[in-house]
Amino acid sequence: MRVLIIEDDAAIADAICATLTNAGHAVDRLANGRQADVALRDHPYDLVVLDLGLPDMDGVEILRRLRARADAVPVLVATAREELEERVRTLDLGADDYLVKPFALREFEARVRALQRRRTTQGVPELQLGRLRLDLPRRRVHIEDVPLELTPREFGLLEALAARLDRVISREQLIEALCGWDTTLTDNGLDIAVYRLRRKLEGSHVRIRTVRGLGYLLEAGDADATTD
Ligand code: CA
């Protein structure tokens with residue numbers, strides 16, 4: 001997933017950034033509310049971790065503007081404000097979940113996984129595509145019962161494609177999904193990742209189809225079919 005962390009406490013931002021990066025996500029971080037509002041307009045994110053007390057623009061205002069634009073990106077609010085009224089207000093404004101600081105990183109990770117499940121598989125832990133079993137939140141892939149070893153980049157690619165099953169995703173959209181501001185992926189790099197993932201998906205009855213001039217499409221065949 002591509003995640004934006006909006007947090008002005010550097011120590012907390014460092015910790016959750018490291019947690020998400022270690023889990024294989026592409027992470028961007030900002031400490032300023034107004035800059036975060038701009039970034040949310042300019043880049044497609046799969047998850048936003050939002051602090052409420054921020055310089056220049058309050059997190060509540062960022063959230064209000066996000067939902068006013070009909071942007072449905074999942075938002076996990078992480079804040080020191082623990083008043084009941086504040087929690088209720090934030091959830092009513094469209095936050096998907098709420099963590100009061102200080103929180104354990106393990107709980108943070110579990111809540112991120114829960115939001116990811118809701119986004120990608122309507123809450124079901126695993127996605128079954130052809131003979132492929134995909135546990136996106138835990139980043140595990142099997143062909144039938146055999147674990148499939150994927151690099152973080154290959155996993156990110158499969159995740160981005162699976163989130164848009166049977167719909168074309170452009171090369172630009174894939175690169176946006178795979179890279180934060182600090183990482184880059186060239187056209188050639190994307191071609192190599194697609195090539196390698198295709199090789200690894202052989203026998204899974206799941207296929208990455210090239211749609212000339214438009215991008216890629218993930219197609220899943222019947223799990224019981226004898227050929228791909
Ligand atoms: Ca703060």
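**Figure 1. Thr79 in strand E4 of the predicted model.** Strand E4 covers residues 75-79, and Thr79 belongs to this strand. Is Thr79 buried or exposed? Thr79 has a relative accessible area of 2%, under the 20% limit, and therefore counts as buried. Neighbours within four places in sequence are left aside here; beyond them, Thr79 is in contact with Asp51, Leu52, Tyr98, Leu99, Val100 and Lys101.

**Figure 2. The peptide bond between Lys101 and Pro102.** The bond from Lys101 to Pro102 is cis, and its omega is near 0°. Most peptide bonds are trans. Where is Pro102 found? Pro102 sits in the loop between strand E5 (97-100) and helix H5. Lys101 also appears in the first view, as one of the residues in contact with Thr79.

**Figure 3. Asp37 and its contacts in helix H2.** Asp37 lies in helix H2, which spans residues 33-42. Its relative accessible area is 5%; buried means under 20%, so Asp37 is buried. Which residues is Asp37 in contact with, leaving aside its neighbours within four places in sequence? They are Met57, Arg65 and Arg69. With Arg65 there is also a polar contact: the side chains of Asp37 and Arg65 are joined at 3.1 Å.

**Figure 4. The two domains of the protein chain.** Domain 1 takes in residues 2-121, and domain 2 takes in residues 127-220. Their C-alpha centres are 26 Å apart. On the side of domain 1, 21 residues are in contact with 13 residues of domain 2. How much area do domain 1 and domain 2 bury between them? The value is about 1400 Å², with 54% of it on carbon and sulfur atoms. Within domain 1, the residues that lose the most area to domain 2 are Arg2, Arg113 and Gln116. Together these residues give 31% of what the domain 1 side buries.

**Figure 5. Arg2 and Glu176 at the interface of domain 1 and domain 2.** How many salt bridges does the rule find across this interface? There is 1 salt bridge between domain 1 and domain 2. Arg2 and Glu176 form a salt bridge in which the closest N and O atoms are 2.4 Å apart. The interface also has 7 residue pairs in polar contact. Strand E1 (2-6), strand E2 (26-30), helix H2 (33-42) and helix H5 (105-121) each supply at least two residues of the domain 1 side that touches domain 2. The largest share of that side comes from H5, with 6 residues. Sorted by class, the side of domain 1 that touches domain 2 has 8 nonpolar, 6 polar and 7 charged residues.

**Figure 6. Glu144 in a loop between two strands.** The loop lies between strand E8 (140-143) and strand E9 (146-147). Glu144 has phi near 55°, a positive value in a residue other than glycine. Most residues other than glycine have a negative phi. Glu144 has a relative accessibility of 38% and is partly exposed.

**Figure 7. Asp166 in a loop between two helices.** Helix H6 (152-162) and helix H7 (171-178) lie on either side of the loop that holds Asp166. Phi of Asp166 is positive, about 65°, although Asp166 is not a glycine. Why does Asp166 count as exposed? Its relative accessibility is 55%, and exposed means over 50%, so Asp166 falls in that class.

Conventions. Residues are numbered from 1 along each chain as its sequence is written. This is a predicted model: local features need pLDDT of at least 70, side-chain atom pairs count only at pLDDT 80 or more; totals for chains, interfaces and linings use all residues. Side-chain values use heavy atoms; hydrogens and water are left out. Domain bounds come from an automatic or database domain assignment. Contact means heavy atoms within 4.5 Å. Buried area is the accessible area (1.4 Å probe) that two parts lose on being put together, summed over both. A salt bridge is a side-chain nitrogen of Lys or Arg within 4 Å of a carboxyl oxygen of Asp or Glu. A polar contact is a pair of N or O atoms within 3.5 Å; within protein, one must be able to donate a hydrogen and the other to accept it, and residues adjacent in sequence count only if both atoms are side-chain atoms. Helices (H or I, at least four residues) and strands (E, at least two) are DSSP runs, numbered from the N terminus. Ala, Val, Leu, Ile, Met, Phe, Trp, Tyr, Cys and Pro count as nonpolar, Asp, Glu, Lys and Arg as charged, and the others, Gly among them, as polar. Buried means under 20% relative accessible area, exposed over 50%, partly exposed in between (1.4 Å probe, protein chains only).
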